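Thanks, everyone, for making the time. I would like to walk through one chain this morning, going from its surface to a pocket, then to some strands, and ending with two acidic residues.

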Amino acid sequence: MTDGGELTPREIVARLDENIVGQQRAKRAVAIALRNRWRRQQVPAELRDEILPKNIIMIGPTGVGKTEIARRLAKLARAPFVKVEASKFTEVGYVGRDVESMIKELADLGVRMVREEQMLEVKQRAEAMAEDKLLGLLAGQHRDLGGDKAALREAFRTGQLDDRYVEIDVRESALPPSVRVVGPPGIDGMAEQLNEMFRGFGGLGQGQGQGASRKKKVRASEAFTQLLDDEAARLVDQEKVTREGIERTEQSGIVFIDEIDKVAVREGARSGGPDVSREGVQRDLLPLVEGATVHTRHGPVRTDHVLFIAAGAFHLAKPSDLLPELQGRFPIRVELDALTKEDFVRILREPRNALIKQYSALLRAEEVDLTFADDSIEALAELAAEANRRNEDIGARRLHTVLEALLEDLSFSAPELTGEQRTVLIKGADVRARLEPIVKNEDLSRYIL
């Protein structure tokens, strides 16, 4: 299994804690859902197909970690993960995206993940084959290099031949990369079939299924990269890749449907107009969540065991405003907490990818040593929380805008700093002097923060 089943729920939560502050109820819910996938594989085969995933609805304001929890969960599980926004879909027959496109995208990711893993497995063999082929081309096209293959190999590996050019076959697509058939909304499948057809007739009558090839002179280092890709692709069993990719999609795939509240129809509003389409989107989603077969370019994909995680702020609508049948397919509901100043302090300090660590690493590229005093982190958290109170609450995303405003001048002038200027300590007083006037000026705060 590829779904992280070796991790217990407690271990999954601990891993999520490394990158996400708080929201323990949501972490526990997704940890149990992930572990249940492993548990399902341990039950007798006759019962296994009857055990369906317990889909989850996350309820909470923007910027509190809903998407990040689902994304990190998929990364832990090494599973195909697709994030979609429910508001971008429309009922079949209306202008907009077809809900089945999320499963097609999920299948593409599943196949791509398996292909990359298989390519990694054969990389060593492919490197040896590509190197042998390249050395043969170099010896044949550059007589001055001599015929000693061992000496030639050593020269190539030490970079002495990187500037030598060799002529290799370069296979080209029938259509330039910038040309792609885009169909009207609602016929995504037909557009994809047309793209596949053009790829298949690459030679335009020359009988070369993946495009015509032509001779091209490239540097030895560039030639090796292409030959490596060609040899790895030749060693990989594409049928096996597709088969395992579809299986991974069906058994481990995770679909995160954001803004599910935007397609909820408030009680008493089912009269017509836009609400008809919103209710139609729910009806189109229902068979996918219940379990349906979606035809993708890799083959049919069953959605019975795909895990669906829906999320929304539910400011204007309630989960009970969703169609009763759809509500029943999301048995687990988790409410996420709004973030406080104390949460912001922890977000700035604790996660492995904390924002201040990111900014320090970015400026280190300019040889600038940026550090934050403890009181500066407290000040940043306090001002971000106040900005959320005065304006729309966008959760932890406010920290991004606050830090950008604080470090704008330093980021701009960093390449020009010299000597002691390259050591920068941000103190609480610096943060307040720079940001307090903006936060407390309502008009400025609205446009800058």
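The accessible surface of this chain, which we have here as a predicted model, comes to about 23,800 Å², and carbon and sulfur atoms account for 50% of that area. Of the 449 residues in the chain, 45% count as buried, and the secondary structure amounts to 18 helices and 11 strands. If we take the contacts in the chain with a separation of 6 or more, 76% of them are between residues 24 or more positions apart.

Let me turn to the second largest pocket, which holds about 1,000 Å³ of space. Its lining is made up of 40 residues, and those closest to the centre of the pocket are Thr62, Gly63, Val64, Gly65 and Arg397. Four elements give two or more residues to this lining, namely α4 (66–77), β2 (81–85), α14 (355–364) and α16 (397–413). Which of the elements gives the most to the lining of the second largest pocket? That is α4, with four residues. Sorted by class, the lining of the second largest pocket has 15 nonpolar residues, 11 polar ones and 14 charged ones.

From β2, which we have just met in that lining, we can step across to β5, since the two strands run parallel and are joined by five bridges. Within this pairing, Val84 has Ile257 of β5 as its bridge partner. Strand β5 itself, residues 254–258, is mostly covered, with five of its five residues buried. In which directions do the residues of β5 point? Ile254, Phe256 and Asp258 point one way, whereas Val255 and Ile257 point the other way, and all are buried; please note that a charged residue, Asp258, is included among these buried positions. β5 also pairs with strand β8, residues 307–312, again in the parallel sense and over four bridges, and there Val255 stands opposite Phe308 of β8.

A second pairing gives us another pattern of burial to look at. Strand β10, residues 369–372, pairs with β11 in the parallel sense over four bridges, and the bridge partner of Leu370 in β11 is Val424. Along β11, residues 423–426, the side chains alternate, so that Val424 and Ile426 point to one face and are buried, while Thr423 and Leu425 point to the other face and are not buried.

Finally, the two acidic residues. Asp17 has its place in helix α1, residues 9–17, and Glu386 lies in helix α15, residues 374–390. Is Glu386 buried or exposed? Glu386 counts as buried, because its relative accessibility is 13% and the cut-off for burial is under 20%. Asp17, by contrast, has a relative accessible area of 36% and is therefore partly exposed, as this value falls between the 20% and 50% limits.

As for their surroundings, if we leave out residues up to four places away in sequence, Asp17 touches Gln24 and Lys27, while Glu386 touches Val439 and Lys440. For the pair Asp17 and Lys27, the residues are 10 apart in sequence, and the distance from C-alpha to C-alpha is 8.5 Å. That is where I will stop, and I am happy to go back to any of these places on the screen.

Notes: Residues numbered from 1 in each chain as written. Predicted model: local features only at pLDDT ≥ 70, side-chain atom pairs only at ≥ 80, totals over all residues. Heavy atoms only, no water. Buried < 20%, exposed > 50% of the residue type's maximum accessible area, 1.4 Å probe, protein only. Contact = heavy atoms within 4.5 Å. Areas by Shrake-Rupley, 256 points an atom, 1.4 Å probe, with all protein chains shown as cover. 1 Å grid on protein atoms, 1.4 Å probe; cavity = no way out; pocket = protein on both sides within 12 Å on 5 of 7 lines; lining within 4 Å. Points joined across faces, edges and corners; volume = space filled by probe spheres on them. Pairing = 2+ DSSP bridges.
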